[in-house]
Amino acid sequence: MGGKLEESKKEHGPGMVFRDIYSTCLLIFCSLIVMTVIWSGNTRIGQDSHAIVSFFIFVLAISWLAIVEGGQASLVGLPPVQMDLYKESHPISHKTMAIINKGDNLDRYLMGRQFMVLALVFIENMCGHPVDEERKILGMPLVINKIFLGTGLALFFMTAMGAKISAQVNASRCMLDYGDNYFCFLTMQAARLIEVSGLLHCCYVVQMFFAYASGQPLKSKEAPRNAVQSLFFWTRVVLSTAILVFALTVTISALFEEKTTMWKGVPPTVSVILFFGFMTVVGMLEGMQIAFFAVAKMTDAEREVKPWAKKTCDILFEGDGRNLPGFMVGRQMCVTLCFFIVARVTTVIPPEKGEKNLLDVGDALQKFFETGLLGALITTILASITWQLVASAFPMAFLSTPITYVLLRFCLLLEWTGLCQGAWVVARLEAKIRGLKRDEIFIGTADERALKQIKDKSENLKGPARPVPLIGYTNVPDGSLELMSINEGVKDVSKKTTDSNSSMEDTTRTEVNNV
């Protein structure tokens, strides 16, 4: 009890209040800047149509992004819980989970939602980023434009605090309430539809290769594909690969011809380097979260095989292990910022009067290029899913690089600044407005369910938040379980040791290192 009381005092200390206030003020300031840009018509969508159109598309995109991020926490966290416990209290959540718990639908949903996140970020960028960065905002000095608009920081803070982290915080603790609406249900169906389309099917080939290389057999809850299903599957794999090659050709051509929203004055070669460089950073961060939890069970001797792996693990698991959730928060900040930068680097702009379309294509295809969806597809496959697969198959090799060590330090620094602390304020407001309640009120904790002899479904503990499941890892450090439930690709590790609802009951706001 003493420990919990001490943490509670720390939670409401002056440092926490100060970070709440300055981070919330930063969120309000950034939101004001972005809204001013939108209503002035100084955006891609605003110039092509009207400021009102740009505003409504932006609001729709950021709201949907919050649903996608929060919905993931619900759908990944609920599979182990007996569905009859919430059939009456949360009928829509029950309807959603009836689909998710069938076969490998969770895998399909998670792959589709990854593309949705990137696509929505790219749409936000077109609706909220200024075309003319020199136009003054509310009479403020141009240096404000350079700091918050030229770098994309205004959109970043508004998205990270207002949509991504705040939604994850609430959904990780109120899974049933958060997903009990048709917005989440339709979002789940949209993600499955994206996966069925075959856009991302080339990732399955990567999955098969690394599963074979690591000696981990692929497991499925479904029967083997028959001849017709196999033909349909491999046809989509071929089409997905062809689309990826086409997307890369268009994007690289646009970069060399300087027909993207890349900063003016940046040479094409540098633009290409930045494009692949930021995708590498995103990929490293996506893979690091997988690798970090993969080594949680290993002994100190096993972690010390490689010098850089030892240095990384010493920092990650020192003390009570709170650097792990701290990394997860900093990682979310860093990845979101990189997404906006990649969106700016890859978004194709319309040709000037008298100029030919990119690759001399027709006007309809040129307009499609300008949507930014090709960049989102490239980033999803090459900067996200693929890296997760590599880290899942070879976690120690992934940790044995100085780049991993440097990125860990950087993410911990970002979290320490408290720049996104305002996400907690937004989360509290949303929870109060929507009347969100913790899951324990409806279904009890895992221990309470055990006392009532209501067993959780062990067959659903797999929770494959990435295509290749990890071996069962245990002894995950304290303070990291709640963050696992709100970050893609790591829930299955936490489920090997404890039910998510039980971990959330004992995990306080301090234990996620004060987002």
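In this predicted model, Glu-430 is buried, its relative accessible area being 19%. That value falls just inside the class, because buried means under 20% relative accessible area. The partner of Glu-430 is Arg-434, and the two residues form a salt bridge whose closest N and O atoms are 3.1 Å apart. Arg-434, by contrast, is partly exposed, with 37% relative accessibility. Both residues belong to helix α21, which covers residues 422-434, and they are spaced four residues apart, or about one turn of the helix. Elsewhere, shared partners link salt bridges into a single network made up of Glu-69, Arg-113 and Lys-164.

The structure contains nine salt bridges in total. One of them pairs Arg-108 with Glu-222, with 2.8 Å between the closest N and O atoms. Arg-108 is part of helix α6 (residues 105-128), while Glu-222 sits in the loop between α11 (202-214) and α12 (227-256), so this salt bridge ties together parts that lie 114 residues apart in sequence. Arg-108 is partly exposed, at 22% relative accessibility. Glu-222 also falls in the partly exposed class, with a relative accessible area of 33%.

A further salt bridge joins the side chains of Arg-331 and Glu-286, at an N to O distance of 3.1 Å. Here the contact runs from one helix to another: Arg-331 lies in α16 (residues 323-346) and Glu-286 in α13 (residues 268-294), so the pair ties together parts 45 residues apart in sequence. Arg-331 is buried, with a relative accessibility of 0%. Glu-286 is buried too, at 1% relative accessible area. Readers following along in the structure may like to set this pair beside Arg-108 and Glu-222, which are partly exposed.

Attention now turns to the cavities. The model has seven cavities of 30 Å³ or more, and the largest cavity has a volume of about 90 Å³. The largest cavity is lined by 14 residues, of which Gly-71, Ser-74, Leu-75, Gly-179 and Cys-184 are the closest to its centre. Two or more lining residues come from each of the helices α4 (51-77), α5 (91-100), α9 (175-179) and α10 (182-197). Among these, α4 gives the largest share, with four residues. By class, the lining consists of eight nonpolar and six polar residues, and charged residues are absent from it.

Leu-78 is located in the loop between α4 and α5. With a relative accessibility of 2%, Leu-78 is buried. The C-alpha atom of Leu-78 is 7.3 Å from that of Met-175, although the two residues are 97 residues apart along the chain.

The surface offers a final feature to look at. Trp-39, Ile-52 and Phe-56 make up a nonpolar patch there, and together they have about 330 Å² of accessible area. Of these residues, Trp-39 belongs to helix α2 (residues 14-39). Trp-39 is partly exposed, with a relative accessible area of 46%.

Terms used
Residues are numbered from 1 along each chain as its sequence is written. This is a predicted model: local features need pLDDT of at least 70, side-chain atom pairs count only at pLDDT 80 or more; totals for chains, interfaces and linings use all residues. Side-chain values use heavy atoms; hydrogens and water are left out. A salt bridge is a side-chain nitrogen of Lys or Arg within 4 Å of a carboxyl oxygen of Asp or Glu. Buried means under 20% relative accessible area, exposed over 50%, partly exposed in between (1.4 Å probe, protein chains only). On a 1 Å grid over the protein atoms alone, a cavity is a set of points where a 1.4 Å probe fits but cannot get out, and a pocket is an open set with protein on both sides within 12 Å along at least five of seven lines; lining residues have an atom within 4 Å of a point. Grid points are joined across faces, edges and corners, and a volume is the space filled by probe spheres set on the points. Ala, Val, Leu, Ile, Met, Phe, Trp, Tyr, Cys and Pro count as nonpolar, Asp, Glu, Lys and Arg as charged, and the others, Gly among them, as polar. Patches are made of residues with over 30% relative accessible area and no salt bridge: like charges are joined within 9 Å, nonpolar side chains (Val, Leu, Ile, Met, Phe, Trp, Tyr) within 5 Å. Accessible areas come from the Shrake-Rupley method with a 1.4 Å probe; for residues, only the protein chains shown count as cover.
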